[in-house]
Each structure stands twice: as C-alpha cells, then as structure tokens.
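Me: I am new to this structure and would like a close look at one part of it. Could you take me through the helix that carries the negative patch, and then set it in its surroundings?

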Amino acid sequence: MSDGDKSGISRAIEDVNQAVVKPVVDEVGQALELGVKSVIGGPQTTQDDPAKRQQKQLEEQKKKQEALRVLDWYKKIEESQKVVRTQSQQQVQEKESQEAEEEKVQQFKVMEKQKKQQSIAITQAKTKTEARGGVGG
C-alpha cells in the first residue's frame, strides 16, 4: 500500500502543479515579456484605431505649424535687433565724427587766436621800437 500511497500523493502533486503552478508561471512569463518589450520599445500588440491616428496626425501638424510660427517670430525679432544695432552704430559713428569735427574746429580757432596774438605782439613790439626811435635809443 505504500506504493499506492506514493503514487496517489505524486498524482495529487502533479495535479496541483498543472492546475496552479503552471498557469501562474505562464502568466508571469507573459508579464515579463510584455514588460521587456515596453522597456525595449518593441512592437506593441495594441492597434490604434484610425480616428485616434488621424487625431494624432492633426495634433502633430498643429505642433509643427506652431513651431514654424515661433521660429518665424524669432527670425523677425533677430532681424529687428540687427536693424536697431546697425542704426545705433551709425548714430555712434555720426556722433564721433561730429565730435572729431568740433575738435578740429576748436583747434583751428585756438591756432587762429595764437596767430593773432603773435601778430599783435609783433606789431606792438615794432611800434614800441619805432616810438623810441630805434633799438638803442
């Protein structure tokens, strides 16, 4: 009877193994496989319906249009900044050239004044000399 008892227990264990353990192992294996596919990025088994796909395409198209609009806006801003910088540089150059011109005018006026003072001094020296009646006299 001990052989019969062993075979009965063995059968019970096999039945439990097939009824409980094997399905659980299969489910765990499928879950692991699905997890690995999602991490790796493998093909997904779910199919998108055409309406969702079309909606996604429309959203992507809107995003692209918005991105292009933003890029155009940034280009316009950049062009405006270039124009402003150029105008600013021109104004600075004009101001510097005006200042240089004024400096030249000031220097010319100073030189003219010095020449007048020298000519006046020479004229005064001549008149003093003539008024005295000569150099030694």
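**A close look at helix α2**

Reply: Let's start with E101, which sits in helix α2, a helix that covers residues 50–132. A word of care before going on: this is a predicted model.

E101 belongs to a negative patch on the surface, and its partners there are E96, E99 and E102. How open is E101 itself? Its relative accessibility is 48%, so E101 counts as partly exposed, a class that ends at 50%.

Helix α2 also holds a pair of opposite charges, E66 and R69. In general, side chains of opposite charge can pair when their charged atoms come close. Here E66 makes a salt bridge with R69, and their closest N and O atoms are 2.6 Å apart. Both residues lie in helix α2, with their positions 3 residues apart in the count, or about one turn of the helix. E66 has a relative accessibility of 39%, and therefore counts as partly exposed. How many salt bridges does the whole structure have? The search finds 1.

Next come two aromatic residues, W73 and Y74. The count of aromatic pairs comes to 1. The ring centres of W73 and Y74 are 5.3 Å apart and the planes meet at 50°, so this pair is tilted. The label follows because planes under 30 degrees apart would count as stacked and those over 60 as edge-to-face. W73 is partly exposed, at 48% relative accessible area. Y74 is partly exposed too, with a relative accessibility of 48%.

Now for the surroundings. The protein chain has 2 helices and 0 strands. The other helix to look at is α1, which covers residues 2–40 and includes L32. L32 joins V24 and V28 in a nonpolar surface patch, and the three together have about 270 Å² of accessible area. Is L32 buried or exposed? With 56% relative accessibility, L32 counts as exposed, because the class begins over 50%.

Finally, step back to the chain as a whole. It has 137 residues, and 0% of them count as buried. The chain exposes about 13,300 Å², of which carbon and sulfur atoms supply 55%.

To gather the picture of helix α2: E101 lies in this helix and takes part in the negative patch, while E66 and R69, also in helix α2, form the salt bridge.

Terms used. Residues are numbered from 1 along each chain as its sequence is written. This is a predicted model: local features need pLDDT of at least 70, side-chain atom pairs count only at pLDDT 80 or more; totals for chains, interfaces and linings use all residues. Side-chain values use heavy atoms; hydrogens and water are left out. Helices (H or I, at least four residues) and strands (E, at least two) are DSSP runs, numbered from the N terminus. Buried means under 20% relative accessible area, exposed over 50%, partly exposed in between (1.4 Å probe, protein chains only). Accessible areas come from the Shrake-Rupley method with a 1.4 Å probe; for residues, only the protein chains shown count as cover. Patches are made of residues with over 30% relative accessible area and no salt bridge: like charges are joined within 9 Å, nonpolar side chains (Val, Leu, Ile, Met, Phe, Trp, Tyr) within 5 Å. A salt bridge is a side-chain nitrogen of Lys or Arg within 4 Å of a carboxyl oxygen of Asp or Glu. Rings of Phe, Tyr and Trp (its six-membered ring) pair if their centres lie within 6.5 Å; planes under 30 degrees apart count as stacked, over 60 as edge-to-face and the rest as tilted. Lys and Arg count as positive and Asp and Glu as negative; His and the chain ends are not counted. The place of a charge is taken as NZ of Lys, CZ of Arg, CG of Asp or CD of Glu.
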